[in-house]
Amino acid sequence: YYSKEYMDREWRRLWPRVWLLAGVASDIPEEGDYFVFEVGAEQIIVTRQANGGIKALFNVCPHRGNRVCLNERGSVAQFTCNFHGWQYGLDGKLRKVTDEATFNPKLIAHRPGLTEVRCETLGGIVFINMDGAAPPLREYLGLPQGYIENYEIEKMHVVHHVRSEWAANWKTGVDAFYETYHLPWVHPQTQTVMEDFSQYDLYPNGASRMIVPICVKSHRVGDQDTVTPDLKFMLKEGGLDPASFKGSAREVRSAIQKSKRARARRVGLTHYDKLTDGQLTDSWATGLFPNVQMGMHPEGVFIMRFLPHATNPECFYYETMILYRHVDDPGYTVPAWMGLPAGIDTTGNTRPNMIRVPAGEKPNLGDVLDQESELLPVQQKGIRSRAFKGPLWSEQEQRVRHFH
């Protein structure tokens with residue numbers, strides 16, 4: 001959690017060998033569209049090809065090592081290095097060497113282009129892998145067949161994107177988000193709308209799921225019948241009128257599930273038919289080894305990445321993207337826990353730039369996530385204590401054990 005030597009070993013033996021979530025395909029709809037994915041010291045260009053496919057290329061000019069793309073995202077007909085003007089096609093192949101006659105022909109006989117990185121997509125999500133010997137993406141993830149695809153993420157767009165710097169190790173971050181054991185203590189406000197005993201599904205290659213019942217009260221709450229203001233808010237979010245709802249709190253979840261199915265039929269969303277009732281209300285928090293968790297909902301998906309700092313083992317970047325499938329219905333929205341700010345464009349017509357929040361500043365990601373940002377730097381300091389002998393994981397923390 002804080003050793004520089006261990007961090008260096010991760011850079012040699014972990015990050016170059018695993019499939020990493022680079023971004024989403026809807027960010028590059030047209031030929032020449034690109035975005036840059038950054039992990040540690042590496043930057044990778046992900047770009048749409050003329051044939052509709054997607055390629056990934058190291059963002060490094062083979063001439064002198066300059067970065068070819070200097071922007072977070074954009075659209076180009078070709079890639080041009082701004083140092084000496086070398087040009088490359090969208091496929092990374094060398095197109096032009098400035099003043100080529102001044103080079104010894106043998107020096108550039110291999111026609112040095114941008115180095116390609118393995119790239120595969122699954123359900124609208126783009127992954128890269130720097131290891132040519134790694135297994136194919138689907139085999140590597142090992143999730144149930146069709147699970148990711150059923151959400152139709154390829155029809156969603158990024159409507160909010162934040163990258164905040166937290167004073168903790170990236171694994172401290174994963175650990176905190178991989179269990180609901182801490183909900184009553186760190187997020188007590190969730191007790192009236194969320195059960196903190198969750199179902200954990202563990203898969204062979206490190207992937208996992210945490211199914212968190214929402215629109216219900218925690219078993220720790222004595223009064224299980226009164227429909228509280230929080231549950232009334234969820235009824236409204238689910239397309240129901242709280243004032244006319246006659247059931248108890250125990251019936252809220254099923255009522256919302258029925259309402260969401262009816263609303264989906266009304267607006268022509270057929271992918272709801274592929275999802276269970278629980279998937280319509282609950283958070284199916286899906287972990288992709290090593291550094292991703294996705295909150296899966298039919299209305300939208302909340303992607304979080306735990307990205308290591310390039311040199312400091314006690315710092316990481318917590319990056320979140322809210323993906324939303326726009327529907328022309330004023331009551332249709334992503335779940336409130338995602339912290340989608342009011343007033344932003346959710347049509348998908350405008351791709352927002354990533355908001356960068358430096359270390360020590362509040363990320364403004366909503367109450368729940370901001371509470372995590374306050375907790376983790378404190379825990380990171382405690383982990384360093386000579387009194388701490390190592391974690392003691394309960395069965396409520398089995399996802400954390402499985403991750404390690």
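Q: Which residues lie nearest the centre of the largest pocket?
A: In this predicted model, Thr190, Met194, Ile214, Trp337 and Val368 lie nearest its centre, out of 41 residues that line the largest pocket.

Q: And which elements give two or more residues to that lining?
A: Helices H3 (170–177), H5, H6, H7 (277–281) and H8 (367–383), plus strands S13 (208–212), S14 (283–288) and S15 (292–296).

Q: What volume are we talking about, and how does the lining split by class?
A: The largest pocket has a volume of about 780 Å³. Its lining has 22 nonpolar, 13 polar and six charged residues.

Q: OK, H5 then. Which of its residues are buried?
A: In H5 (residues 229–237), those are Leu231, Met234, Leu235 and Glu237. They sit on the same side of H5, because they cover an arc of only 160 degrees around the axis.

Q: What's on the face turned away from that side?
A: Pro229 and Lys236, which are exposed.

Q: What covers the buried residues of H5?
A: Helix H6 (252–267) is included in that cover.

Q: Where is the positive phi?
A: At Gly239, just after H5, with a value of about 90 degrees.

Q: Back to pockets. What's in the second largest one?
A: The second largest pocket holds about 420 Å³ of space and is lined by 17 residues, with Asp175, Glu179, Gln379, Trp393 and Glu397 nearest its centre.

Q: Which element gives the largest share of that lining?
A: H8, with three residues. H3 and helix H4 (183–186) also give two or more. By class, the lining of the second largest pocket divides into 12 nonpolar, two polar and three charged residues.

Terms used: Residues are numbered from 1 along each chain as its sequence is written. This is a predicted model: local features need pLDDT of at least 70, side-chain atom pairs count only at pLDDT 80 or more; totals for chains, interfaces and linings use all residues. Side-chain values use heavy atoms; hydrogens and water are left out. Buried means under 20% relative accessible area, exposed over 50%, partly exposed in between (1.4 Å probe, protein chains only). Helices (H or I, at least four residues) and strands (E, at least two) are DSSP runs, numbered from the N terminus. The arc is that of the directions from the helix axis to the C-beta atoms. Contact means heavy atoms within 4.5 Å. On a 1 Å grid over the protein atoms alone, a cavity is a set of points where a 1.4 Å probe fits but cannot get out, and a pocket is an open set with protein on both sides within 12 Å along at least five of seven lines; lining residues have an atom within 4 Å of a point. Grid points are joined across faces, edges and corners, and a volume is the space filled by probe spheres set on the points. Ala, Val, Leu, Ile, Met, Phe, Trp, Tyr, Cys and Pro count as nonpolar, Asp, Glu, Lys and Arg as charged, and the others, Gly among them, as polar.
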